[in-house]
Every structure is written in structure tokens, then in C-alpha cells.
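The following exercises are meant to be worked with the sequence and the structure side by side. Try each task before reading the solution below it.

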Amino acid sequence: MTAVPDKRYDVVAVGHAIVDVLVRVQEQVLQRHGLPKGGTVLLDHAQVEALYNTLEPELETSGGSAANTVAGLAGLGSSTGFIGRVCDDRLGYTFRHDITAVGVAYPTPPSPGGAATGRCLVLITPDAERTMAADPGCARDLGEDDLDPRFIRQAKVLYLEGYLFDDPGAKAAFRRAAAMARQAGGLVALSLSDGFCVERHREDFRAMVAEHVDILFANEVEITALLQVDAIADAVEYLRQRPLVAALTCGAQGSLVLGGGLVHTIPPHPLTGVVDTTGAGDLYAAGFLHGITRQLPLADCGRIGSLAAAEVISHLGPRPALSLRRLLRRELPQLAPGEATASSNQAP
């Protein structure tokens with residue numbers, strides 16, 4: 001992988017701007033509503049509202065996969081930014097307040113009308129697995145006009161959220177943003193986001209990875225779906241021969257980090273019990289990219305990712321409850337020196 005450039009922002013992400021509604025449910029609720037356990041189903045506003053009215057929500061918090069990642073990065077001391085659409089409504093205000101409060105630059109103006117701000121119902125079963133029913137709302141309308149070239153070109157890493165592949169305009173925006181980042185000497189990272197999403201857009205994902213991606217994030221289901229192989233070992237053998245970095249999360253087994261022909265096995269970081277797996281992959285990406293932008297060895301990037309993921313699954317909600325910077329200093333002090341030198345997060 002090429003050296004990390006010297007830029008104003010460590011990571012700028014493009015993704016869904018969504019408010020999460022977290023609910024604890026029994027398995028029967030998923031079955032009753034035809035929701036595939038562990039997956040994500042896209043619904044319209046009326047369908048999400050009808051489902052919401054049958055539940056007893058426990059927590060409402062700003063979410064969105066890429067937004068969770070940059071929030072985690074900010075908590076580690078990285079300088080971050082976000083591009084994603086919200087409407088000029090209550091949920092849009094909630095999202096903007098929450099993401100800027102943690103130090104993420106968010107210059108995208110609210111949409112004055114049209115679809116409402118996106119909402120995702122996160123249904124958490126007793127085994128801590130999360131199943132999502134989402135109405136992306138105006139987030140799905142993200143297009144090339146929402147891209148600020150100055151903002152993107154100031155990023156060491158541009159991070160793209162695979163969920164947006166469900167919209168043709170967003171796919172075009174991804175390619176344009178990746179070209180902007182590459183032209184400015186930045187790196188491009190992509191999260192595959194969801195196995196069902198990969199199945200829907202496999203060829204587009206393959207083309208994106210081949211043409212634009214330096215760093216790929218995926219779990220076992222997503223990467224085997226992308227490469228159409230039966231086992232993660234086959235995916236590893238394929239990816240280790242490719243000129244990119246790949247971080248493959250394997251749940252309770254930890255993760256595999258590939259780069260330069262080498263494969264690093266990263267164990268899960270032991271913290272506390274698992275309460276809610278929402279945001280685990282997002283926070284793993286946060287820790288990993290924090291290490292990448294500090295030019296740490298790939299295995300160490302994986303260790304920071306594992307630590308950040310362990311924190312977020314120890315409580316309800318998709319964003320850290322503890323200071324990740326302090327947690328890093330306590331749990332992995334050998335990787336903490338120099339982590340506190342983050343630049344300003346003010347929007348350009």
C-alpha cells in the first residue's frame with residue numbers, strides 16, 4: 001500500500017446519515033415480520049412507521065455505518081469529516097448535533113424538503129445479534145452534487161459505505177469521490193456493509209474494488225458473497241495476491257488482516273460481555289483506520305480495531321460509551337504514543 005499522505009483530515013467518510021432506534025426483541029418478532037436475522041431490510045417510510053408502532057424503543061441515537069466509523073475515529077483523536085444527506089427536520093437536527101458534538105466536520109447542508117431524514121430500526125435479540133429495518137429517507141438521494149471537492153481532497157483516507165450502493169446516484173457519487181481522492185494522492189477505503197447488499201450489487205462492488213479501493217473492510221458473509229466462494233480461507237487466498245489491504249472480521253474469532261502478501265490473525269480484544277453487536281464492524285474500521293493514518297504496522301491497526309469493536313459491543317448503541325483514546329492508552333499503551341496529535345476538525 002502507498003504511504004499515507006499528509007492531509008488536513010485523517011478520514012472523510014461518505015455514507016447514510018440515519019438516526020437509529022434500538023429495540024430489544026425476541027426471535028419471534030423477526031419471524032413475525034419476515035426479517036432475516038443479522039441482515040438489513042430496506043423499507044419505505046410507511047412500512048418503518050408501522051413496524052415502529054409495534055415496538056417499544058429503548059434508545060434513539062444518531063447512527064449510519066460510516067458516520068459511526070468517523071465518530072469512533074474522532075474519539076480516538078483522529079481528525080474526521082462526513083458527507084451525507086439529512087432533511088431540515090427533527091431527526092436531521094438530532095443527527096447533525098450528535099456528529100458535530102463529537103468533533104466530526106459535517107459541512108453538508110440539510111435538504112429543505114422532500115424525503116425525511118433516514119431512520120433505522122435496530123432489533124436486538126437475546127444473543128446480541130442485530131437485525132435492521134431501514135428507511136434511508138433523503139440519505140438515499142445523495143449524489144455527485146453533494147460532494148465538496150475541497151473537503152474530499154483534504155483527506156488522507158476517503159471511506160465509503162457500501163449500503164449506498166442501493167441507489168444508482170450514490171454509486172456514481174462514490175466513483176466520482178474516489179477519483180477526486182486518488183487525484184489528490186489520498187487513499188480509498190470501502191466497507192461492503194451487508195451480505196444482502198453485496199448479493200444485490202456484486203458486479204458493481206467487484207468493479208469498485210478493482211478500480212478504486214486501497215483498503216477493503218468486510219465480514220465473512222460479505223467477502224464470501226463478493227468472491228462467490230464457500231469459505232473465508234478461499235477468500236483469503238484470493239485477496240492476499242491482490243494489491244490492496246483487506247481487514248476481514250470474523251465475529252468472536254477476531255479478524256484477519258491482509259496486505260503485502262501476508263496474513264495477520266488478530267484475536268478479539270477481551271473487555272466485557274457482549275450486549276449488542278450494533279456498530280462492531282463500524283468501530284473496528286475506526287480503530288483500523290486510526291492506525292493506518294498513523295502509519296502503524298497492519299497487525300497493530302487490527303489490534304486497535306479489535307479494541308474499538310470490543311468497547312462498542314459491551315453496551316447498547318452503535319457508538320462508544322467510553323473514551324476510546326483513554327481506552328487505547330490503558331489497554332494498548334505501546335500503540336498510543338503520538339495518537340493525540342489530531343488536527344482541527346473545522347469544515348473547509
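A residue is called buried when its relative accessible area is under 20%, exposed when that area is over 50%, and partly exposed in between. The structure used here is a predicted model.

**Exercise 1.** Decide whether A128 and Q228 are buried or exposed, and state where along the chain each of them is found.

*Solution.* Begin with the position of A128, which is found in the loop between β6 and β7. Its relative accessibility is 2%, and A128 therefore counts as buried. The backbone of A128 has a positive phi of about 75°, although the residue is not a glycine. Turn next to Q228, which is found in the loop between α9 (220-227) and α10 (232-239). Q228 has a relative accessibility of 52%, so it counts as exposed. Q228, which is not a glycine, has a positive phi of about 55°.

**Exercise 2.** Work out the strand order of the open sheet of five strands, and then place helix α4 against it.

*Solution.* Reading across the sheet gives the order β3-β7-β6-β2-β4, and the pairing is mixed. The edge strands are β3 (40-42) and β4 (59-63), each of which pairs on one side only. On average, and with direction ignored, neighbouring strands of this sheet are turned by 25° against each other. Within the sheet, β6 (residues 117-124) and β7 (residues 130-137) pair in the antiparallel sense over seven bridges, and C120 has A134 in β7 as its bridge partner. Finally, helix α4 (residues 90-101) lies across β2 (18-24), β4 and β6, and runs at about 65° to β4.

**Exercise 3.** Explain why strand β9 is described as largely enclosed, and trace its pairing with β8 and β10.

*Solution.* First consider burial: five of the five residues of β9 (residues 187-191) are buried, so the strand is largely enclosed by the rest of the structure. In a regular strand, side chains alternate between the two faces of the sheet. In β9 both faces are covered, with L187, A189 and S191 buried on one side and V188 and L190 buried on the other. Next, follow the pairing with β8 (residues 155-161), which runs parallel to β9 and is joined to it by five bridges; here Y159 has A189 as its bridge partner. The chain passes from β8 through helix α6 (residues 168-183) to β9, in a β-α-β crossover that is right-handed. Lastly, β9 and β10 (residues 215-219) pair in the parallel sense over three bridges, and the partner of A189 in β10 is I215.

Technical notes:
Residues numbered from 1 in each chain as written. Predicted model: local features only at pLDDT ≥ 70, side-chain atom pairs only at ≥ 80, totals over all residues. Heavy atoms only, no water. Pairing = 2+ DSSP bridges. Helix = DSSP H or I, 4+ residues; strand = E, 2+ residues; numbered from the N terminus. Axes fitted to C-alpha atoms, helices over the stretch in contact; angles between N-to-C directions. Contact = heavy atoms within 4.5 Å. Buried < 20%, exposed > 50% of the residue type's maximum accessible area, 1.4 Å probe, protein only. Right-handed = clockwise from strand over helix to strand, strands pointing away.
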